[in-house]
Amino acid sequence: MTDRRARQTELQVIFDSYIEAGLKLDLTRGKPAAEQLDLSNDLDGILEGIYLLQDGTDVRNYGGILGIPEARRLGAQFIGAKPEQVMVGGNSSLNLMYQYVEHMMTHWAGEPVKFICPVPGYDRHFTICEHFDIEMIAVPLNDDGPNMARVKDLVSQDPAIKGIWCVPKYSNPTGNTYSNKVVEQFAEIPKVAGDNFTVFWDNAYAVHDLVEQGDELPSLMTAAEKAGTTDSIVILGSTSKVTFAGAGISFLATSTLKLDAFEKFLSNQMIGFDKVNQLRHVRFLKDSDGIKAHMAKHRDIVKPKFDLVLTRLEERLAGKSMASWNSPHGGYFISLDTRPGLATTIIKMAADAGVKLTPAGATFPYGKDPENTNIRLAPTFPGLAELEIALDVFVTCVELASLNAELD
């Protein structure tokens, strides 16, 4: 006990020194670093004044909500679907998610609507649900994907459940990848769900491997075709963390029947997305091999940052029963669980010391983590030197908060 009291006092002195230093560091969101964005600078000017597609279409003109054929083929390789099932949008797959939910609200009109949300999960999914007053039902996310027995029970018993959010590869924030069995189960789930049930398959990190041989995720669309459930599948992705975060292209895939309906819905609000940017991306990325080569350059920049986080957590917190964390093979986040009840305290302490973290509870519906344990770390944006300082602050806060709760 004396040793722990001494360590508590030592940590308090260190913590106070961070406050006095006036740090301003940010680990809140998964943003690419400037060095990553620089990898795509060749997008600028790549068209060299040639704006015609293979069929002679001038991409500078109006038309084409579903996107140019070349970009639809690229998107099909990117998210695992057929070109005729894919549309290409603007710079935000989040925007396509929102629009698709809005589109489906016309089918759900007059009914209570509920979505299943695997937790911990992506806060923007929850925000969409809150905007449309969709009730969210939390389901635990296991190492191989959501608790599918629980999902099946819920959808088979409650026809008001109209959707489920998924980040199937390198899930945000846990970094887990769904197993082959879970993917097959998702293809079957619509058969026991109520009318107009939709699986929202947000494959945001499909190509974001941190290791050379990344996790393999089977194609849900292929599994759904075998199961006869493609009308209930919506797959999404984007190049937001591949090329320019604010000027990429996005993809949505579903059955050709549902895609036709969504195109008609969008036609009331637009003539088409930015086809010039779509062509730029096709010329730059080319195909799946081009994407793979490009993402290897990202990995060279990002992996040392993840390695630094994991090394520092191991050095300072391993074996102390103060926290547990994941070691992802890809994605943009590291998920850490504190002792129950301490996440809010640790995040506030870090903020007081000049390190901003994602708010406690953000990875749960309605911002309420029932155990108050989960903290999402986003190491990509800072440089290594800044990240090292931020980590020193963070692990100090975790250890000090844990000792305070134990001893005070």
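# Touring a predicted fold

Trainee: Leaving aside its neighbours within four places in sequence, which residues is Val199 in contact with?
Mentor: Let's begin there, and keep in mind that this is a predicted model. We skip the neighbours within four places in sequence, so to speak, and look at what remains around Val199. The residues in contact with Val199 are then Ile164, Cys166, Phe186, Leu220, Ser232, Ile233 and Val234.

Trainee: Which residues have the most contacts inside the largest nonpolar core?
Mentor: That core has 55 residues. Apart from it lies another core of 40 residues, including Leu25 and Ile334. Back in the largest core, the residues with the most contacts are Tyr178, Phe186, Val199, Trp201 and Leu220.

Trainee: In what order do the eight strands of the open sheet stand?
Mentor: The pairing in this sheet is mixed. For a parallel example, take strand 7 and strand 8, which pair over four bridges, with Trp201 opposite Ile235. For an antiparallel example, take strand 4 and strand 5, joined by two bridges. The order of the eight strands is 2-9-8-7-6-3-4-5.

Trainee: Which strands stand at the edges of the sheet?
Mentor: Read the order 2-9-8-7-6-3-4-5 and look at its two ends. Each edge strand has a single partner strand, so one side of it is left without a neighbour in the sheet. The edge strands are strand 2 and strand 5.

Trainee: Through which helix does the chain cross from strand 3 to strand 4?
Mentor: Strand 3 (residues 114-119) and strand 4 (residues 135-142) run parallel and are joined by six bridges. The chain passes from one to the other in a right-handed β-α-β crossover. The helix on that path covers residues 123-131, and it is helix 5.

Trainee: Through how many residues does a hairpin join strand 4 to strand 5?
Mentor: Strand 4 and strand 5 run antiparallel. Asn142 stands opposite Gly145 in strand 5. The hairpin between these strands passes through a number of residues that is easy to remember: two.

Trainee: Why do the buried residues of helix 8 line one face of the helix?
Mentor: The buried residues of helix 8 (residues 220-227) are Leu220, Met221, Ala223, Ala224 and Ala227. An α-helix has 3.6 residues a turn, so residues three or four places apart point the same way. These buried residues pack against helix 7, strand 7, strand 8 and strand 9. They line one face because, seen down the axis of helix 8, they fall within an arc of 160°.

Trainee: Which residue caps the N-terminal end of helix 8?
Mentor: Look for a side-chain oxygen that lies 3.3 Å from the backbone nitrogen of Met221. Just after helix 8, by the way, Gly228 takes a positive phi of about 75°. The cap at the N-terminal end is provided by Ser219.

Trainee: At what distance does the side chain of Lys191 reach the backbone oxygen of Ala227?
Mentor: Lys191 is in the loop between helix 7 and strand 7. Although Lys191 and Ala227 are 36 residues apart in sequence, their C-alpha atoms are 8.7 Å apart in space. Lys191 touches Ala227 and also Thr229. The side chain of Lys191 reaches that backbone oxygen at 3.4 Å.

Trainee: Is Ser238 buried or exposed?
Mentor: Ser238 sits in strand 8, and its side chain makes a polar contact with the side chain of Ser240. Among its contacts more than four places away in sequence are Phe78 and Ser93. The relative accessible area of Ser238 is 9%, which is under the 20% cut-off. Therefore Ser238 is buried.

Trainee: What is the omega of the peptide bond that joins Val119 and Pro120?
Mentor: Most residues other than glycine have a negative phi, and most peptide bonds are trans. Pro120 lies in the loop between strand 3 and helix 5, and the bond that joins Val119 and Pro120 is cis. The bond from Asn172 to Pro173 is cis too, with omega near 10°. For Val119 and Pro120, omega is about -5°.

Trainee: Is Asn372 buried or exposed?
Mentor: Asn372 is in the loop between strand 12 and strand 13, and its phi is positive, near 50°. Tyr366, in the loop between strand 12 and strand 13, has a positive phi near 60° and is partly exposed, with a relative accessible area of 41%. For Asn372 the relative accessible area is 19%, under the 20% cut-off, so this residue is buried.

Notes:
Residues are numbered from 1 along each chain as its sequence is written. This is a predicted model: local features need pLDDT of at least 70, side-chain atom pairs count only at pLDDT 80 or more; totals for chains, interfaces and linings use all residues. Side-chain values use heavy atoms; hydrogens and water are left out. Two strands pair if DSSP finds at least two bridges between them. A crossover is right-handed if, with the strands pointing away from the viewer, the path from the first strand over the helix to the second runs clockwise. A nonpolar core is a set of buried Ala, Val, Leu, Ile, Met, Phe, Trp, Tyr and Cys residues joined through side-chain atoms within 4.5 Å. Buried means under 20% relative accessible area, exposed over 50%, partly exposed in between (1.4 Å probe, protein chains only). Contact means heavy atoms within 4.5 Å. The arc is that of the directions from the helix axis to the C-beta atoms. A polar contact is a pair of N or O atoms within 3.5 Å; within protein, one must be able to donate a hydrogen and the other to accept it, and residues adjacent in sequence count only if both atoms are side-chain atoms.
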